[in-house]
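The following exercises ask the reader to examine a structure step by step. Each task is followed by a worked solution.

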Amino acid sequence: MLKERLKIFVNGRYYEIDVDPRITLVEFLRNELGLTGTKEGCGYGVCGACTVILQGKAVKSCLLLALHAMNKEVLTIEGMREGDNLHPLQEAFLNNMAVQCGFCSPGMILSAKALLDENSDPSEEEIRYAIVGNLCRCGGYVKIVDAILKCAEERRRDIGT
Amino acid sequence: MELKYIGKNFPNINGFEKVTGEAKYCYDLVLQNMLWGKILRSSFPHARIANINTEKAKRLPGVRAVVTYKDFPECYYGVGGIKDESLIARGKVRYIGDPVAAVAAEDESLAEEAIDLIEVEYEELPAVFDPEESIRENPPAVIHEDRDKYIILGSMTRSIIAWGSRPNVFCHSKIRKGNVEKGFEKAYLVLEDRFTTPMVSHVQLEPHNCIAQFNLNGKLTVWASIQSPYMTIQQLADALDIPHSRIRVITPKHIGGGFGGKIELTAEGICAVLSREANNRPVKIRLTREEMFVCTTVRHPMIMDLKTGVTKDGTITAMEFRSIANTGAYSGIGVIVVRNVGRAFSGQYKIPNLKFDSYGVYTNQTKAGAFRGFGVPQPLFAIESHMDMIASKLGMDPLEIRLKNILREGDTNVIGERMHSVGSEECLNKVARYLGGKSEEKVSKGVWKRGKGIALGNKYSSGGFMGSCCFVKVYDDGTIEIRQSGTDIGQGQNTVLAQIAAEEFDTPLHNIIVVPVDTDYNPLDSMTGSQRQTFYMGNAVRLACNDAKRQIFALASKKLNASPDDLDISNGRIFVKESQNTSIPISDIFIPGGFTPSYLPEGGEILGKATFRYAMDSQDVETGQCPVNGLRRAVAFYTQVAHGVEVEVNVVTGQVKITKFVAAADVGRAINPMLVQGQIEAALSQGVGSALLEELFLDKGKIVNPNLVDYKIPSALCVPQNKDVKTVIVETYHMDGPFGAKGLGEAVITPTLPAVANAIYHAVGARIKEAPFMPERVLSAIKEKTSKNNECI
């Protein structure tokens with residue numbers, strides 16, 4: 001199989017890598033870049049563990065070919081931290097105990113980020129719609145929703161002051 | 001003394017890695033020179049293997065090993081007591097999904113390609129799927145012809161493996177108490193009903209996966225996403241016929257969910273044999289989501305017949321119960337599940353007369369195993385539905401009838417145990433209060449009818465041969481390292497253990513390290529299961545900390561001129577209790593190492609060691625009773641949980657929405673209340689899923705919906721909003737729990753199913769006895785009720 005050169009921005013870094021055109025975006029991120037924070041739980045776009053942000057939108061990276069992201073910008077969980085500081089959503093997930101086994105957490109956090117980037121004051125229902133494609137089997141979503149609500153509230157307060 | 005670290009909400013100590021994506025699961029692990037494996041599985045439910053031709057697969061470039069039964073020792077394993085399963089099918093296959101051959105290749109797609117090149121000739125055999133056919137003395141098929149030759153282990157299991165003349169029965173557990181005939185005679189009302197629960201899948205987010213490598217001198221190392229490393233060792237030792245001392249199991253620090261489904265072997269043994277055949281290269285197998293549904297354990301489907309008699313005031317006079325648990329092709333841990341059905345009765349109510357028979361049968365379908373609740377949620381569906389049905393008939397409040405029958409502190413239960421730490425009353429009262437209004441309240445909005453239901457649940461934690469061992473190493477800088485082999489599968493056990501050690505050493509949590517499990521260095525633990533880690537390993541950590549402190553104080557006493565008994569430790573400093581001014585840092589008992597960190601002048605290192613066991617009575621085989629003069633304890637503890645649910649039922653579509661959810665759990669003592677809450681809230685995922693959505697459908701042994709599209713688990717929109725969810729922590733201190741704590745991970749989902757069934761009944765007057773409550777079942781129950789009502793008119 002002839003490889004094709006993928007030009008892509010991942011977490012702010014530019015890459016040019018020759019890839020098998022058949023590989024999915026999640027395979028590229030995990031196997032080519034070693035970014036294993038992006039998980040794969042089903043391979044057909046239902047569980048949401050592979051969620052990343054592509055051009056500002058939360059997408060299931062198991063449903064996209066890597067080449068689909070040509071010349072585009074991808075954000076994975078590894079790109080959420082700002083230096084030594086956790087992103088406020090990561091902080092909120094940690095402090096509100098929104099993490100149990102943690103396998104859904106990266107995708108969940110990225111879906112939440114895509115939402116908050118578009119809507120700084122989401123209702124609980126809007127939050128639940130935003131994460132409906134991210135399955136959590138451990139915790140029943142209570143603490144996840146709480147973390148996102150609290151994070152949004154704190155960010156609005158910070159901006160307000 | 002005031003506790004500094006117990007009862008406090010410290011963030012999960014594994015959380016930072018999880019929210020940053022740094023957390024490495026076995027799924028993320030890739031070793032140098034690693035091969036990928038795939039398993040060829042049976043497409044027949046029951047067939048003799050006539051021939052396997054692997055030549056074409058072996059010739060495919062990049063394939064490094066192809067194995068069949070010929071490459072495996074003729075050995076059997078089984079964690080529940082009957083060694084009836086081989087790593088790969090020998091002679092015949094017993095379900096659709098049974099491993100027949102396996103391949104290791106340079107990459108996963110190549111392995112997949114090679115699998116397709118293996119030719120297997122089958123001679124199909126008659127199969128049996130219906131457990132009621134299978135339990136007969138002359139079933140349509142006998143699944144284990146060699147059943148009577150299998151090795152049975154453990155005195156406990158030997159006692160209940162009484163299969164008599166029924167060739168597909170592997171287990172029969174009994175309880176006999178009082179005289180049920182007389183009990184029913186005394187009853188004012190007797191109800192008799194059949195309840196059924198389906199095959200349910202754990203759906204852990206991290207797929208089962210493992211790497212195995214045999215080295216040249218015969219040592220096997222396994223990296224795996226599993227719950228109970230030492231159970232994995234035992235299974236591998238049995239199945240591969242190698243000493244357990246030659247097996248090392250490593251579980252990466254993070255495990256993406258277990259729920260009971262990562263206790264039994266999935267591909268570890270096959271990977272091991274592939275590695276040996278492939279020049280000792282490491283081999284990784286990760287199951288696809290489809291394989292997870294078809295080829296890993298499921299919850300035992302059960303058929304349950306319950307007869308309950310009560311007096312006019314709702315007091316239980318007798319119960320008679322018979323259940324058939326369908327274990328599928330192999331018994332696995334099913335023996336224990338079949339016995340545990342009885343624990344639903346012993347932990348629940350005062351039952352003066354009980355005749356209880358729980359059978360486990362083989363059928364030609366996917367193997368059932370441990371599933372959060374371990375055989376208890378199924379019978380509770382029957383018991384708690386009955387309590388509600390009886391209350392309705394007697395015109396009693398569902399809360400009142402339960403309060404009349406519950407077990408309280410000091411009561412003797414139906415198997416002769418003396419109850420201790422029983423929060424049933426408080427759990428029920430709290431749930432009824434927060435659910436609000438009378439449980440009978442009905443509000444209708446057009447086609448949506450509203451109703452409320454409550455249910456009580458309980459889950460025991462096992463005892464008997466179970467043990468937990470722990471090492472606590474103390475460094476010269478005051479760091480405390482906990483080495484143990486319970487696994488943090490997301491429940492937060494590492495955080496709980498760290499809080500316990502922090503309390504014992506009076507040192508901040510960041511000074512505690514809980515190292516990942518590596519059985520070459522970490523001592524034995526029986527099982528991460530049976531909600532036992534807080535209680536068992538929590539106690540082992542306490543004991544090991546105290547052993548370490550004894551060693552520290554012995555060394556420090558000379559330096560402080562005080563007796564070791566007069567010393568204590570706080571924030572890394574050893575001090576004389578009476579005069580806190582006289583103190584030395586821990587580093588003072590070490591001597592400088594020059595080129596290395598410091599070391600101890602004697603004793604090697606500060607290494608506290610402990611084993612925690614909890615003595616139990618063994619129950620009589622025929623009656624299930626504890627001896628009269630014994631400890632009056634057959635389990636470690638019971639954890640009680642009550643659920644209250646408000647639903648809206650659409651009478652046109654049969655759809656059920658949960659609009660309010662209240663849960664109260666008696667956890668003895670919450671070491672970390674937010675972690676406890678997180679466990680209680682799990683009912684919204686696995687409890688609600690089992691009630692409304694989850695069922696694996698089978699057609700002649702073939703699972704027809706083995707994917708997340710056709711087998712739905714709750715999403716964020718399936719469950720009520722946060723303002724409509726209330727969790728309550730009840731604390732009835734357990735005298736032998738660490739700081740009074742019990743476990744709760746399983747109990748939390750035990751009452752959901754009946755609570756929802758009861759709420760549906762109170763909404764639309766239709767009683768559903770078959771779970772889950774999918775729209776078509778709800779609709780047909782409503783129709784049945786309407787036609788009955790019409791007949792009455």
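**Exercise 1. State which residue follows helix α7 of chain B and what the sign of its phi is, then describe the helix.**

Step 1. The residue after α7(B) is B:Asp241, and its phi is positive, near 55°. Helices (H or I, at least four residues) and strands (E, at least two) are DSSP runs, numbered from the N terminus. The model is a predicted one, in which local features need pLDDT of at least 70, side-chain atom pairs count only at pLDDT 80 or more, and totals for chains, interfaces and linings use all residues. Residues are numbered from 1 along each chain as its sequence is written, while chains are lettered from A and ligands numbered from 1 in the order in which they are written.

Step 2. Helix α7(B) covers residues 229-240, 12 residues in all, and its first and last C-alpha atoms are 16 Å apart, close to the expected 16 Å. The expected span is 1.5 Å times one less than the number of residues.

Step 3. Of these 12 residues, 10 are buried. A residue is buried if 20 or more other C-beta atoms lie within 10 Å of its own, exposed if 12 or fewer, and partly exposed in between, with C-beta atoms placed from the backbone. Among the buried residues are B:Tyr230, B:Ile233, B:Leu236 and B:Leu240.

Step 4. The cover over the buried residues of α7(B) includes β11 (220-224), β12 (247-251), α8 (268-277) and β23 (517-518) of chain B.

**Exercise 2. Determine which strand pairs with β24 of chain B, and in which sense.**

Step 1. Begin with the side chains of β24(B), residues 567-570: B:Leu567 and B:Ile569 point to one face and are buried, whereas B:Asp568 and B:Ser570 point to the other and are not.

Step 2. The partner is β25(B), residues 573-576, and the pairing is antiparallel over 4 bridges. Two strands pair if DSSP finds at least two bridges between them. In this pairing B:Leu567 is opposite B:Val576.

Step 3. The two strands make a hairpin with 2 residues between them, and B:Asn571 in the turn has a positive phi of about 50°.

**Exercise 3. Identify the strands that pair with β3 of chain A, and relate β3(A) to the domains of the chain.**

Step 1. In β3(A), residues 51-54, A:Thr51 and A:Ile53 point one way and A:Val52 and A:Leu54 the other, and all are buried.

Step 2. β3(A) pairs with β4(A), residues 57-60, in the antiparallel sense over 4 bridges, and A:Leu54 is opposite A:Lys57. With 2 residues between them, these strands form a hairpin, whose turn holds A:Gln55 with a positive phi of about 50°.

Step 3. β3(A) also pairs with β5(A), residues 73-75, in the antiparallel sense over 2 bridges. Here the bridge partner of A:Leu54 is A:Val74.

Step 4. Chain A is assigned domain 1 (4-79) and domain 2 (88-160); such bounds come from an automatic or database domain assignment. The domain centres, taken over C-alpha atoms, are separated by 21 Å. The contact takes 16 residues from domain 1 of chain A and 13 residues from domain 2 of chain A, where two residues are in contact if their C-beta atoms, placed from the backbone, lie within 7 Å. On the domain 1 side, β3 and β4 of chain A each supply at least two residues, and the largest share, 3 residues, comes from β3(A).

**Exercise 4. Find how many residues of each chain take part in the contact between chains A and B, and examine helix α5 of chain A.**

Step 1. The contact joins 42 residues of chain A to 44 residues of chain B. On the chain A side, α2 (88-95), α3 (105-118), α4 (124-130) and α5 (142-160) each supply at least two residues.

Step 2. Helix α5(A) has 19 residues and reaches 27 Å between its first and last C-alpha atoms, close to the expected 27 Å.

Step 3. Buried residues of α5(A) include A:Val142, A:Ile144, A:Ile148 and A:Cys151. The buried residues of this helix pack against α2, α3 and α4 of chain A, together with α17 and β34 (725-730) of chain B.
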